[in-house]
Amino acid sequence: MANCAWSEKILQLIRRMNNFYLAGSCRAKCLRFEINKSQVGWVPPHVAALLSRYPEVFCPPQGGAVTLCPSLDSYQRRSEAVDTVLQSLRHEPSLTCLKGWRDEKYSVMSKFFDPPLMWMERAATSLFGVKRYGVHINGYTVSDSGEVSMWLARRSATKQTFPGLLDNVAAGGLAAGVGIKHTLVKECQEEACIPETIAEKAHPVSTVSYTYEDEEGLFAESQFVFDLELPVEFKPRVGDGEVQDFYLLPIEKVKELIATDDFKPNSAMVVLDFLIRHSFIEPDSEPCYQEFVTGLHQTLE
């Protein structure tokens, strides 16, 4: 039978990562963020109040929505105008997320394969609840006797987000104009020194989607998940300094670790998805099986 304490901790993780859907969240107070009548995010009330200082970029909220001025009628005009506002708001003490400014552009669109309507600085996307996409790689090995182990990364202590926590072997956000497979190969090479000849063998297997709010804003995220069976003799190496170490652990130990505070939360969700897909968690023995599956695939409309 399942470990009830472990199951409850995983349920807590799923609730935390989907707390925007729960009663008491800011969702009822948020305004829709719309471009060309397409909803591309959610704007919390305190952010909407700050945006009202910039009437040349943002129209006064109407019908429960924040929109851009009609004169901003192209990808480039929207992007540059909003970026100018965000550069100004970097000095606003209440917007702590902007302290992590990265000079990294994320596409803004209603659905992933829709044409982007603008780009936005990555650190600012949580102010608008803009959907963010990334790539996560489950790097694992299978021994001659069939035992599965997984490579985990320990994030650098100097990372802007979740420093020092356990993570997938490689992962990264999808920057504007950059493809999924390209990002996968790049992150594998940069973070774990996994050569392209190995990385390109990764299989797309799932997406893990969730929406949560915290003190930095609203995070509507969807991760493209890949499984990569690594040669038993291969060992990832620290590359660009975003990781401080790698560990190869038995899958049961990995299962135990995702229920602890030592694991980056969204990466724990990605590992949970792996455990379910590979039948390390089964419906006959895990009473919360359905809640786990549902919680991994919550999409924000």
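1. A pocket here is an open set of grid points, reachable by a 1.4 Å probe, with protein on both sides within 12 Å along at least five of seven lines. In this predicted model, the largest pocket holds about 1,000 Å³ of space.

2. The lining of that pocket runs to 47 residues. Nearest its centre lie Arg102, Arg122, Arg132, Arg155 and Thr161. By class, the lining splits into 20 charged, 14 nonpolar and 13 polar residues.

3. Which elements give two or more residues to the lining of the largest pocket? They are α1, β6 (131-142), β9 (170-173), α5 (180-192), β10, β11 and α8. The largest share is that of α5, with 5 residues.

4. Now the closed space. Searching the whole structure for cavities of 30 Å³ or more turns up 1. The largest cavity has about 50 Å³ of space. Its lining consists of Ala48, Leu51, Ser52, Phe58, Cys59, Pro60, Pro61 and Val66. Of these, 7 are nonpolar and 1 is polar, with no charged residue.

5. Next, the packing. The largest nonpolar core contains 35 residues. Ile258, Leu272 and Phe292 have the most contacts inside this core. At least two core residues come from each of α1 (4-17), β7 (148-155), β10 (203-214), β11 (217-229), α7 (251-257) and α8 (265-277). The top contributor is α8, which gives 8 residues.

6. Ile258 deserves a look in the viewer. Leaving aside residues up to four places away in sequence, Ile258 touches Trp6, Ile10 and Leu13. Beyond those three, the contacts of Ile258 include Phe263, Ala268, Val271, Leu272 and Leu275.

7. There is also a second, separate core, of 32 residues. Among its members are Val82, Cys97, Leu98 and Val108.

8. How many disulfides does the count come to? The count is 0. A disulfide would need two cysteine sulfur atoms within 2.5 Å. Take Cys4: the closest cysteine sulfur, in Cys288, is 8.0 Å from its own, so the two are too far apart for a bond. Seen from Cys288, the closest cysteine sulfur is that of Cys4, again at 8.0 Å and too far for a bond.

9. Are Cys4 and Cys288 buried or exposed? Cys4 has 62% relative accessibility and counts as exposed, because the cut-off for exposed is over 50%. Cys288 has a relative accessible area of 13% and is buried, since buried means under 20%.

Note on methods
Residues numbered from 1 in each chain as written. Predicted model: local features only at pLDDT ≥ 70, side-chain atom pairs only at ≥ 80, totals over all residues. Heavy atoms only, no water. Core = buried A, V, L, I, M, F, W, Y, C linked by side-chain atoms within 4.5 Å. Buried < 20%, exposed > 50% of the residue type's maximum accessible area, 1.4 Å probe, protein only. Helix = DSSP H or I, 4+ residues; strand = E, 2+ residues; numbered from the N terminus. Contact = heavy atoms within 4.5 Å. 1 Å grid on protein atoms, 1.4 Å probe; cavity = no way out; pocket = protein on both sides within 12 Å on 5 of 7 lines; lining within 4 Å. Points joined across faces, edges and corners; volume = space filled by probe spheres on them. Nonpolar A, V, L, I, M, F, W, Y, C, P; charged D, E, K, R; others polar.
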